[in-house]
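Here is a short tour of one model, for anyone who likes to know what packs against what. Have the structure open and follow along.

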Amino acid sequence: MTEPVILADVVRSDFVEGHHRGSVVVTDPDGTVAWSAGIVDQPMFPRSSNKPMQSLGMLRNGLPLTGNLLALSGASHSGEQFHLAGVREILAGVGLDETALRTPASYPYDEQSRDEWVRSGHTQEQITMNCSGKHAAMIATCVHNGWPIHDPAREKSPDGVWGRDDYRSPDHPLQQAIRVAIEDSAGEKVAHVAVDGCGAPLLAISLAGLARSFGLFAAAAADTDEGRIATAFREYPEYASGSRRDEAALMRAVPGLLCKIGAEGVYAVGLADGRGIAVKIEDGASRASSVVIAAAIRRLGLEHEAIEQQATFPLYGGGIRVGEVRPNSTVFS
(Lines give C-alpha, C1' and ligand atoms only; values in the text may rest on other atoms or scores of the structure.)
Protein backbone atom coordinates (compact mmCIF):
# COMPACT_ATOMS: atom_id res chain seq x y z
CA MET A 1 0.00 0.00 0.00
CA THR A 2 1.24 3.50 -0.84
CA GLU A 3 -1.44 5.52 0.93
CA PRO A 4 -3.90 5.24 3.83
CA VAL A 5 -7.11 3.33 3.12
CA ILE A 6 -10.71 3.70 4.29
CA LEU A 7 -10.81 1.94 7.65
CA ALA A 8 -14.10 3.26 9.05
CA ASP A 9 -17.37 4.56 7.63
CA VAL A 10 -19.49 7.33 9.11
CA VAL A 11 -23.14 6.25 8.74
CA ARG A 12 -26.05 8.52 9.70
CA SER A 13 -29.67 7.47 9.17
CA ASP A 14 -28.48 4.63 6.90
CA PHE A 15 -26.55 7.08 4.72
CA VAL A 16 -22.76 7.00 4.46
CA GLU A 17 -21.78 10.62 4.99
CA GLY A 18 -18.04 10.18 5.33
CA HIS A 19 -15.02 8.00 5.99
CA HIS A 20 -11.94 7.80 8.17
CA ARG A 21 -8.78 6.77 6.35
CA GLY A 22 -5.72 5.33 7.98
CA SER A 23 -3.44 2.35 8.39
CA VAL A 24 -3.54 -0.79 10.52
CA VAL A 25 -1.07 -3.62 11.07
CA VAL A 26 -0.89 -6.94 12.91
CA THR A 27 2.51 -8.43 13.72
CA ASP A 28 3.29 -12.03 14.60
CA PRO A 29 5.15 -12.99 17.80
CA ASP A 30 8.42 -12.97 15.86
CA GLY A 31 7.79 -9.36 14.84
CA THR A 32 6.99 -9.97 11.18
CA VAL A 33 3.95 -8.36 9.59
CA ALA A 34 1.07 -10.83 9.47
CA TRP A 35 -1.59 -8.55 7.98
CA SER A 36 -1.87 -4.88 7.14
CA ALA A 37 -3.80 -2.19 5.29
CA GLY A 38 -2.43 1.23 4.43
CA ILE A 39 1.10 2.43 5.18
CA VAL A 40 2.82 0.44 7.92
CA ASP A 41 6.54 0.51 7.05
CA GLN A 42 7.14 4.27 6.95
CA PRO A 43 7.96 6.61 9.87
CA MET A 44 5.04 7.92 11.92
CA PHE A 45 4.67 9.49 15.34
CA PRO A 46 3.26 7.01 17.89
CA ARG A 47 2.56 9.94 20.22
CA SER A 48 1.63 8.65 23.68
CA SER A 49 1.55 5.05 22.50
CA ASN A 50 5.33 5.27 22.98
CA LYS A 51 4.94 5.67 26.74
CA PRO A 52 5.49 2.02 27.76
CA MET A 53 8.79 2.13 25.86
CA GLN A 54 9.68 5.42 27.52
CA SER A 55 9.05 3.75 30.87
CA LEU A 56 11.36 0.94 29.78
CA GLY A 57 14.19 3.42 29.25
CA MET A 58 13.58 4.76 32.74
CA LEU A 59 13.42 1.33 34.41
CA ARG A 60 16.67 0.35 32.76
CA ASN A 61 18.22 3.38 34.41
CA GLY A 62 17.03 2.76 37.93
CA LEU A 63 13.53 4.25 38.13
CA PRO A 64 12.40 2.90 41.52
CA LEU A 65 8.70 2.46 40.75
CA THR A 66 6.43 -0.58 40.85
CA GLY A 67 2.73 -1.35 40.64
CA ASN A 68 0.30 1.54 40.28
CA LEU A 69 3.03 4.19 40.12
CA LEU A 70 4.86 2.31 37.36
CA ALA A 71 1.58 2.18 35.42
CA LEU A 72 1.18 5.92 35.98
CA SER A 73 4.68 6.52 34.56
CA GLY A 74 3.40 5.23 31.20
CA ALA A 75 -0.05 6.80 31.34
CA SER A 76 -1.98 9.47 29.53
CA HIS A 77 -4.02 9.78 32.68
CA SER A 78 -7.50 11.23 33.03
CA GLY A 79 -6.66 13.71 35.76
CA GLU A 80 -8.66 11.93 38.46
CA GLN A 81 -7.72 12.58 42.07
CA PHE A 82 -5.85 9.29 42.46
CA HIS A 83 -3.75 10.17 39.40
CA LEU A 84 -2.74 13.51 40.90
CA ALA A 85 -1.96 11.87 44.24
CA GLY A 86 0.24 9.35 42.41
CA VAL A 87 2.18 12.07 40.59
CA ARG A 88 2.82 13.82 43.90
CA GLU A 89 3.96 10.52 45.45
CA ILE A 90 6.47 9.89 42.64
CA LEU A 91 7.96 13.35 43.08
CA ALA A 92 7.94 13.18 46.89
CA GLY A 93 9.93 9.97 46.62
CA VAL A 94 12.87 12.00 45.31
CA GLY A 95 12.32 14.99 47.58
CA LEU A 96 10.45 17.19 45.08
CA ASP A 97 6.94 18.47 44.53
CA GLU A 98 4.77 19.33 41.53
CA THR A 99 6.61 22.61 40.94
CA ALA A 100 9.39 20.50 39.38
CA LEU A 101 7.10 19.47 36.51
CA ARG A 102 7.68 20.98 33.08
CA THR A 103 4.40 19.87 31.54
CA PRO A 104 2.21 22.58 30.00
CA ALA A 105 -0.73 23.70 32.15
CA SER A 106 -3.91 21.84 31.17
CA TYR A 107 -7.32 20.80 32.39
CA PRO A 108 -7.89 17.11 33.22
CA TYR A 109 -8.24 14.89 30.15
CA ASP A 110 -11.42 13.23 31.40
CA GLU A 111 -14.57 15.32 30.97
CA GLN A 112 -16.08 14.46 34.36
CA SER A 113 -12.76 15.07 36.12
CA ARG A 114 -12.38 18.38 34.28
CA ASP A 115 -15.83 19.55 35.38
CA GLU A 116 -15.16 18.56 39.00
CA TRP A 117 -11.79 20.33 38.84
CA VAL A 118 -13.31 23.57 37.56
CA ARG A 119 -16.22 23.46 40.03
CA SER A 120 -13.70 23.18 42.86
CA GLY A 121 -12.17 26.50 41.79
CA HIS A 122 -9.13 25.28 39.85
CA THR A 123 -7.86 26.43 36.47
CA GLN A 124 -5.31 24.76 34.19
CA GLU A 125 -2.36 23.35 36.08
CA GLN A 126 0.76 21.39 35.17
CA ILE A 127 -0.10 18.39 37.33
CA THR A 128 -3.44 17.84 35.59
CA MET A 129 -1.79 17.57 32.18
CA ASN A 130 -2.25 13.93 31.12
CA CYS A 131 1.51 13.35 30.78
CA SER A 132 2.41 14.48 34.30
CA GLY A 133 2.93 10.89 35.49
CA LYS A 134 5.50 10.33 32.77
CA HIS A 135 7.22 13.62 33.53
CA ALA A 136 7.31 12.89 37.25
CA ALA A 137 8.94 9.52 36.47
CA MET A 138 11.44 11.20 34.13
CA ILE A 139 12.39 13.62 36.89
CA ALA A 140 12.69 10.77 39.41
CA THR A 141 14.99 8.89 37.02
CA CYS A 142 17.18 11.96 36.66
CA VAL A 143 17.46 12.41 40.43
CA HIS A 144 18.32 8.72 40.86
CA ASN A 145 21.19 9.09 38.38
CA GLY A 146 22.39 12.54 39.41
CA TRP A 147 21.40 13.96 36.02
CA PRO A 148 20.34 17.61 35.68
CA ILE A 149 16.64 18.30 35.48
CA HIS A 150 16.21 21.80 34.18
CA ASP A 151 18.02 24.58 32.33
CA PRO A 152 16.50 27.88 33.52
CA ALA A 153 18.18 29.78 30.68
CA ARG A 154 15.96 27.98 28.16
CA GLU A 155 12.72 28.11 30.13
CA LYS A 156 10.83 29.81 27.31
CA SER A 157 12.75 28.67 24.27
CA PRO A 158 10.88 30.09 21.24
CA ASP A 159 12.13 27.35 18.93
CA GLY A 160 10.89 24.51 21.14
CA VAL A 161 14.43 23.25 21.74
CA TRP A 162 15.42 22.88 25.38
CA GLY A 163 18.90 23.37 26.75
CA ARG A 164 21.01 20.22 27.09
CA ASP A 165 20.56 20.17 30.88
CA ASP A 166 16.77 20.08 30.57
CA TYR A 167 15.32 16.59 31.02
CA ARG A 168 13.15 17.24 27.94
CA SER A 169 16.11 17.77 25.62
CA PRO A 170 16.77 15.00 23.05
CA ASP A 171 20.46 15.34 23.99
CA HIS A 172 19.84 14.73 27.70
CA PRO A 173 21.12 11.33 28.96
CA LEU A 174 17.58 10.42 30.03
CA GLN A 175 16.18 10.95 26.55
CA GLN A 176 19.13 9.17 24.95
CA ALA A 177 18.36 6.13 27.15
CA ILE A 178 14.69 6.30 26.16
CA ARG A 179 15.63 6.43 22.49
CA VAL A 180 17.66 3.23 22.86
CA ALA A 181 14.71 1.53 24.58
CA ILE A 182 12.33 2.52 21.80
CA GLU A 183 14.71 1.32 19.09
CA ASP A 184 15.31 -1.97 20.91
CA SER A 185 11.57 -2.58 21.31
CA ALA A 186 10.61 -1.62 17.75
CA GLY A 187 13.53 -3.43 16.14
CA GLU A 188 14.35 -0.36 14.06
CA LYS A 189 16.05 3.00 14.29
CA VAL A 190 14.24 6.20 15.14
CA ALA A 191 13.66 8.07 11.90
CA HIS A 192 12.87 11.57 13.16
CA VAL A 193 12.82 13.52 16.42
CA ALA A 194 10.18 16.16 17.20
CA VAL A 195 8.60 17.78 20.26
CA ASP A 196 5.48 16.12 21.65
CA GLY A 197 2.53 18.03 23.08
CA CYS A 198 3.90 17.65 26.61
CA GLY A 199 7.31 19.03 25.61
CA ALA A 200 9.20 15.72 25.73
CA PRO A 201 10.92 14.31 22.63
CA LEU A 202 8.68 12.55 20.12
CA LEU A 203 10.41 9.74 18.24
CA ALA A 204 9.22 8.44 14.89
CA ILE A 205 9.13 4.72 14.10
CA SER A 206 6.97 2.71 11.72
CA LEU A 207 3.45 1.52 12.56
CA ALA A 208 4.76 -2.03 12.26
CA GLY A 209 7.51 -1.16 14.74
CA LEU A 210 4.91 0.12 17.18
CA ALA A 211 2.87 -3.09 16.91
CA ARG A 212 6.04 -5.14 17.29
CA SER A 213 6.88 -3.28 20.49
CA PHE A 214 3.50 -3.99 22.05
CA GLY A 215 3.67 -7.67 21.14
CA LEU A 216 7.09 -7.82 22.77
CA PHE A 217 5.89 -6.19 26.00
CA ALA A 218 2.68 -8.23 26.20
CA ALA A 219 4.54 -11.56 25.90
CA ALA A 220 7.51 -10.61 28.09
CA ALA A 221 8.39 -12.69 31.14
CA ALA A 222 7.17 -11.12 34.38
CA ASP A 223 10.70 -10.71 35.76
CA THR A 224 11.90 -8.57 32.83
CA ASP A 225 11.57 -4.79 32.68
CA GLU A 226 9.12 -5.11 29.77
CA GLY A 227 7.13 -7.66 31.74
CA ARG A 228 7.04 -5.44 34.83
CA ILE A 229 5.56 -2.61 32.80
CA ALA A 230 2.98 -4.87 31.16
CA THR A 231 2.02 -6.33 34.54
CA ALA A 232 1.63 -2.85 36.03
CA PHE A 233 -0.68 -1.80 33.18
CA ARG A 234 -2.80 -4.95 33.50
CA GLU A 235 -3.05 -4.85 37.29
CA TYR A 236 -3.70 -1.10 37.47
CA PRO A 237 -5.40 -0.21 34.16
CA GLU A 238 -7.13 2.77 35.76
CA TYR A 239 -3.70 4.24 36.57
CA ALA A 240 -2.46 3.57 33.03
CA SER A 241 -5.45 5.44 31.60
CA GLY A 242 -8.52 6.28 33.70
CA SER A 243 -11.38 4.62 35.52
CA ARG A 244 -13.84 5.44 32.72
CA ARG A 245 -11.61 4.81 29.69
CA ASP A 246 -11.87 2.24 26.88
CA GLU A 247 -8.26 1.19 27.46
CA ALA A 248 -8.95 0.22 31.06
CA ALA A 249 -12.06 -1.71 30.01
CA LEU A 250 -10.10 -3.71 27.43
CA MET A 251 -7.27 -4.57 29.80
CA ARG A 252 -9.72 -5.65 32.51
CA ALA A 253 -11.69 -7.78 30.06
CA VAL A 254 -9.11 -9.63 27.95
CA PRO A 255 -6.49 -11.66 29.84
CA GLY A 256 -2.97 -10.67 28.86
CA LEU A 257 -3.99 -7.70 26.70
CA LEU A 258 -1.88 -4.54 26.89
CA CYS A 259 -2.97 -1.32 25.20
CA LYS A 260 -2.25 2.38 24.96
CA ILE A 261 -3.75 5.21 22.93
CA GLY A 262 -1.86 8.11 21.43
CA ALA A 263 -2.90 11.49 20.06
CA GLU A 264 -3.77 11.94 16.38
CA GLY A 265 -5.67 8.67 16.11
CA VAL A 266 -3.00 6.23 17.28
CA TYR A 267 -3.88 3.06 19.21
CA ALA A 268 -1.63 0.08 19.96
CA VAL A 269 -2.37 -3.34 21.46
CA GLY A 270 -0.24 -6.28 22.50
CA LEU A 271 -1.60 -9.77 23.12
CA ALA A 272 -0.24 -12.33 25.55
CA ASP A 273 0.89 -14.61 22.71
CA GLY A 274 3.19 -11.88 21.35
CA ARG A 275 1.03 -10.57 18.53
CA GLY A 276 0.85 -6.80 18.19
CA ILE A 277 -1.70 -4.44 16.62
CA ALA A 278 -1.29 -0.77 15.77
CA VAL A 279 -3.62 1.76 14.16
CA LYS A 280 -3.09 5.28 12.84
CA ILE A 281 -6.08 7.30 11.67
CA GLU A 282 -5.00 9.91 9.14
CA ASP A 283 -7.32 12.69 10.34
CA GLY A 284 -6.47 12.01 13.99
CA ALA A 285 -9.99 11.01 15.06
CA SER A 286 -10.01 8.93 18.24
CA ARG A 287 -13.60 7.88 17.56
CA ALA A 288 -12.27 5.96 14.57
CA SER A 289 -9.12 4.56 16.17
CA SER A 290 -11.08 2.81 18.93
CA VAL A 291 -13.48 1.30 16.39
CA VAL A 292 -10.67 0.08 14.14
CA ILE A 293 -8.63 -1.40 16.99
CA ALA A 294 -11.71 -3.34 18.12
CA ALA A 295 -12.24 -4.60 14.57
CA ALA A 296 -8.62 -5.71 14.34
CA ILE A 297 -8.87 -7.55 17.68
CA ARG A 298 -12.04 -9.30 16.52
CA ARG A 299 -10.36 -10.22 13.25
CA LEU A 300 -7.87 -12.23 15.33
CA GLY A 301 -10.72 -14.25 16.81
CA LEU A 302 -11.07 -12.57 20.21
CA GLU A 303 -14.56 -11.85 21.48
CA HIS A 304 -15.71 -10.03 24.60
CA GLU A 305 -18.44 -7.60 25.56
CA ALA A 306 -15.84 -4.88 26.13
CA ILE A 307 -14.58 -5.35 22.56
CA GLU A 308 -18.14 -5.20 21.23
CA GLN A 309 -18.73 -1.92 23.06
CA GLN A 310 -15.83 -0.36 21.14
CA ALA A 311 -16.81 -1.93 17.82
CA THR A 312 -18.90 1.09 16.83
CA PHE A 313 -19.02 4.75 17.88
CA PRO A 314 -22.57 6.11 18.25
CA LEU A 315 -23.83 9.18 16.38
CA TYR A 316 -26.80 11.15 17.71
CA GLY A 317 -29.51 13.37 16.33
CA GLY A 318 -32.12 15.08 18.48
CA GLY A 319 -30.84 13.20 21.50
CA ILE A 320 -31.34 9.73 20.04
CA ARG A 321 -28.90 7.40 18.33
CA VAL A 322 -29.27 7.70 14.57
CA GLY A 323 -26.04 6.23 13.26
CA GLU A 324 -22.54 5.13 14.01
CA VAL A 325 -18.92 5.07 12.98
CA ARG A 326 -18.30 1.45 11.98
CA PRO A 327 -15.39 -0.61 10.58
CA ASN A 328 -15.16 -0.59 6.80
CA SER A 329 -16.50 -3.91 5.55
CA THR A 330 -14.00 -4.11 2.67
CA VAL A 331 -11.00 -4.08 5.01
CA PHE A 332 -12.60 -6.05 7.85
CA SER A 333 -14.55 -8.62 5.86
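A residue is called buried here when its relative accessible area is under 20%, exposed when that area is over 50%, and partly exposed in between (1.4 Å probe, protein chains only). Helices (H or I, at least four residues) and strands (E, at least two) are DSSP runs, numbered from the N terminus. This is a predicted model, in which local features need pLDDT of at least 70 and side-chain atom pairs count only at pLDDT 80 or more, while totals for chains, interfaces and linings use all residues. Residues are numbered from 1 along each chain as its sequence is written, and side-chain values use heavy atoms, with hydrogens and water left out.

**Around helix α8**

Let's start with helix α8, residues 225-235, where E226, G227, I229, A230, A232 and F233 are buried. What do the buried residues of α8 pack against? Taking contact as heavy atoms within 4.5 Å, they pack against α1, α2 (67-73), α7 (207-219), α9 (237-240), α10 (246-253) and β7 (258-262).

Two residues give a closer look at this neighbourhood. S55 sits in helix α1, which spans residues 51-59, and is buried, with a relative accessible area of 0%. If you skip its neighbours within four places in sequence, S55 is in contact with S73, G74 and I229. The other residue is L72, in helix α2. L72 is buried too, its relative accessible area being 0%. Its C-alpha atom is separated by 8.8 Å from that of A232, although the two positions lie 160 residues apart along the chain. Not counting residues up to four places away in sequence, L72 touches H77, H83, G86, V87, I90, G133, K134 and Y239.

**Two helices side by side**

V87 and I90 turn up again in the contact between α3 and α5. Two packed helices are described by the angle between their axes and the distance between the axes. Axes are lines fitted to C-alpha atoms, for helices over the stretch in contact, and angles run from 0 to 180 degrees between N-to-C directions. Helix α3 (residues 81-92) packs with helix α5 (residues 132-145) at an angle of about 5°, and their axes are 9 Å apart. That makes α3 roughly parallel to α5, a label for angles under 35 degrees (over 145 is roughly antiparallel, 65 to 115 roughly perpendicular and the rest oblique).

On the α3 side the contact is made by V87, I90 and L91, and on the α5 side by S132, G133, A136, A137, I139 and A140. Those residues divide into seven nonpolar, two polar and no charged. In that scheme Ala, Val, Leu, Ile, Met, Phe, Trp, Tyr, Cys and Pro count as nonpolar, Asp, Glu, Lys and Arg as charged, and the others, Gly among them, as polar.

**A three-stranded sheet**

Now for the strands, which pair if DSSP finds at least two bridges between them. An open sheet of three strands has the order β4-β6-β5, with antiparallel pairing. Its edge strands are β4 (43-44) and β5 (192-195), each pairing on one side only. Two bridges join β4 to β6 (residues 201-206), and M44 stands opposite I205 in β6. Helix α6 (residues 173-186) packs on the sheet and touches β5 and β6, its direction making about 15° with that of β6.

Between β5 and β6 there are four bridges, and H192 has A204 in β6 as its bridge partner. The hairpin of β5 and β6 has five residues between the strands, and G199 there takes a positive phi near 100°.

**Salt bridges**

How many salt bridges are there? Counting a side-chain nitrogen of Lys or Arg within 4 Å of a carboxyl oxygen of Asp or Glu, the total is 17 salt bridges. Here are some of them.

| Pair | N to O distance |
|---|---|
| R245 and E247 | 2.9 Å |
| E308 and R298 | 3.3 Å |
| R321 and E324 | 2.9 Å |

Buried or exposed? R245 and E247 are both buried. E308 counts as partly exposed at 35% relative accessibility, as does R298 at 34%. R321 is partly exposed at 44%, whereas E324 is buried at 17%. The E308 and R298 pair links distant parts of the chain, 10 residues apart, with E308 in helix α12 (residues 305-310) and R298 in helix α11 (residues 286-299). Finally, E80, D110 and R244 are linked in a network of salt bridges.
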